[in-house]
Amino acid sequence: MVEQRTIGPVFAAKNLFKSYGGLRATDNLSLQLETGKIHALIGPNGAGKTTALSQLSGELQPDEGQVWFCGQDITRYSMPKRARMGVARSFQITAIFDDFTVAENVAVAVQSRAGHHFSFWRAVGRDKGINHRTNELLDLVGLAAFARRRAADLAHGQKRQLEIAMALALEPKVLLLDEPMAGMGPTESTQLAELLERLKQDFAILLVEHDMNIVFRLADIISVLVNGAVIASGTVEDIRENEDVQKAYLAEGY
Ligand SMILES: Nc1ncnc2c1ncn2[C@@H]1O[C@H](COP(=O)(O)OP(=O)(O)OP(=O)(O)O)[C@@H](O)[C@H]1O
């Protein structure tokens, strides 16, 4: 678990811009993430959510602006470097090995964090420290009962739980979650929402999510993107009542 707390924002985007030809996909985007809070980024299709997330994770460089993590300007750092520092993007940096068991997948992630990248064939499953941490993570995400199951045989929602366990193995401070509920039924979504509620006290979380019920349930702060720009930012109540937001969503036929 992450014990260290940072006062103020752990992670911040400052005045990001990104254009594709004449199209401004990110238009002066600023936002802040704090430990213990879920900040949801919402907006109609094509509003620029994925483009924004990619600049935060390091997959994409902004044309202008900065990304800060724990007081450090990380704008020019690659995605792997940011991940090593503690900025985890789910669900794109974690690749599940289908033929490994659930526990083996988590153990590989734990071991890679511990720095044994090249010896995992020999040591996975034999190192007590790694096994202990693996079991802790499986408990945390609710997969302890499935530890010995082949990863390929998990249900869709359980794979998402496994991906979260693998992301947590890297001991991040920031979780950037890219539509975690996509493709899930109501029961699986509810389970994942409960997991995020359990996790949130220890992390600064950015949630890009289409499912408004989930957003309204989980978010402490919501920022609404339209044409790459934040048109409103505030609490669930602020955003529900905001006329510009209602118009933007109505225009899209929501
Ligand atoms: N590589 C690219 N080249 C050109 N245009 C792009 C590229 N990536 C995104 N865009 C455009 O930038 C805008 C924002 O796209 P983005 O995928 O970030 O939106 P989004 O809010 O994530 O959409 P959705 O909710 O549909 O996933 C869109 O108009 C999109 O067509």
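In what order do the 4 strands of the open sheet lie, and is their pairing parallel or antiparallel? In this predicted model, the order is E2-E1-E4-E5, and the pairing is antiparallel.

**Figure 1. The open sheet of 4 strands, with its edges and one of its pairings.** Strand E2 and strand E5 (72–73) are the edge strands of this sheet, since each pairs on one side only. Strand E1, which covers residues 11–20, and strand E4, which covers residues 64–69, are joined in the antiparallel sense over 5 bridges. To follow this pairing residue by residue, the reader can begin at Phe11, whose bridge partner in E4 is Phe69.

**Figure 2. The protein chain as a whole and its two parts, domain 1 and domain 2.** The secondary structure of the protein chain comes to 10 helices and 10 strands, and buried residues make up 41% of its 254 residues. Among the contacts in the protein chain with a separation of 6 or more, 67% are between residues 24 or more positions apart. The chain is divided into domain 1, made of residues 1–86 + 173–254, and domain 2, made of residues 96–171. Where these two domains touch, the contact takes 11 residues from domain 1 and 10 residues from domain 2. On the side of domain 1, helix H7 (residues 186–199) gives the largest share, with 4 residues. By class, this same side of domain 1 has 7 nonpolar, 3 polar and 1 charged residues.

**Figure 3. The shell of residues around the ligand.** The ligand is surrounded by Tyr20, Leu23, Ala25, Gly43, Asn45, Gly46, Ala47, Gly48, Lys49, Thr50 and Thr51. Two elements, strand E2 (23–33) and helix H1 (49–57), each give two or more residues to this shell, and H1 gives the most, with 3 residues. Sorted by class, the shell has 4 nonpolar, 6 polar and 1 charged residues.

**Figure 4. Gly46 and helix H1, both of which contribute to the shell around the ligand.** Gly46 is found in the loop between E3 and H1, and it counts as partly exposed because it has 15 C-beta neighbours inside 10 Å, whereas a buried residue would need 20 or more. Although Gly46 and Leu225 are 179 residues apart in sequence, their C-alpha atoms are 9.5 Å apart in space. Helix H1 itself has 8 of its 9 residues buried, so this helix is largely enclosed by the rest of the structure. The buried residues of H1 are Lys49, Thr51, Ala52, Leu53, Ser54, Gln55, Leu56 and Ser57. Just after H1, Gly58 takes a positive phi of about 100 degrees.

**Figure 5. Strand E8 and the strands that pair with it in the parallel sense, E3 and E7.** Strand E8 (residues 204–208) is mostly covered, with 5 of its 5 residues buried. In a regular strand the side chains alternate between the two faces of the sheet. In E8, Ala204, Leu206 and Val208 point one way while Ile205 and Leu207 point the other way, and all are buried. Strand E3 (residues 38–42) is joined to E8 by 4 bridges, the two strands running parallel, and within this pairing Ile38 has Ile205 as its bridge partner in E8. Strand E7 (residues 174–178) also pairs with E8 in the parallel sense, here over 5 bridges, and Leu177 has Leu207 as its bridge partner in E8.

**Figure 6. The largest nonpolar core, with Val174 and its contacts.** This core has 66 residues, and those with the most contacts inside it are Val106, Ala165 and Val174. The core draws at least three residues from each of domain 1 (1–86 + 173–254) and domain 2 (96–171). If the neighbours of Val174 within four places in sequence are left aside, this residue is in contact with Val10, Phe11, Leu33, Phe69, Gly86, Val87, Ala88, Phe203 and Ala204. Among these contacts are Phe11 and Phe69, the bridge partners shown in the open sheet.

**Figure 7. Ser112 in helix H3.** Ser112 lies in helix H3, which covers residues 102–114, and this residue counts as partly exposed because it has 16 C-beta neighbours inside 10 Å. In sequence, Ser112 and Ala169 are 57 residues apart, while in space they are 8.7 Å apart, C-alpha to C-alpha.

How values were computed. Residues are numbered from 1 along each chain as its sequence is written. This is a predicted model: local features need pLDDT of at least 70, side-chain atom pairs count only at pLDDT 80 or more; totals for chains, interfaces and linings use all residues. A residue is near a molecule or strand if its C-beta atom, placed from the backbone, lies within 6 Å of it. Ala, Val, Leu, Ile, Met, Phe, Trp, Tyr, Cys and Pro count as nonpolar, Asp, Glu, Lys and Arg as charged, and the others, Gly among them, as polar. A nonpolar core is a set of buried Ala, Val, Leu, Ile, Met, Phe, Trp, Tyr and Cys residues joined through C-beta atoms within 7 Å. A residue is buried if 20 or more other C-beta atoms lie within 10 Å of its own, exposed if 12 or fewer, and partly exposed in between; C-beta atoms are placed from the backbone. Domain bounds come from an automatic or database domain assignment. Two residues are in contact if their C-beta atoms, placed from the backbone, lie within 7 Å. Two strands pair if DSSP finds at least two bridges between them.
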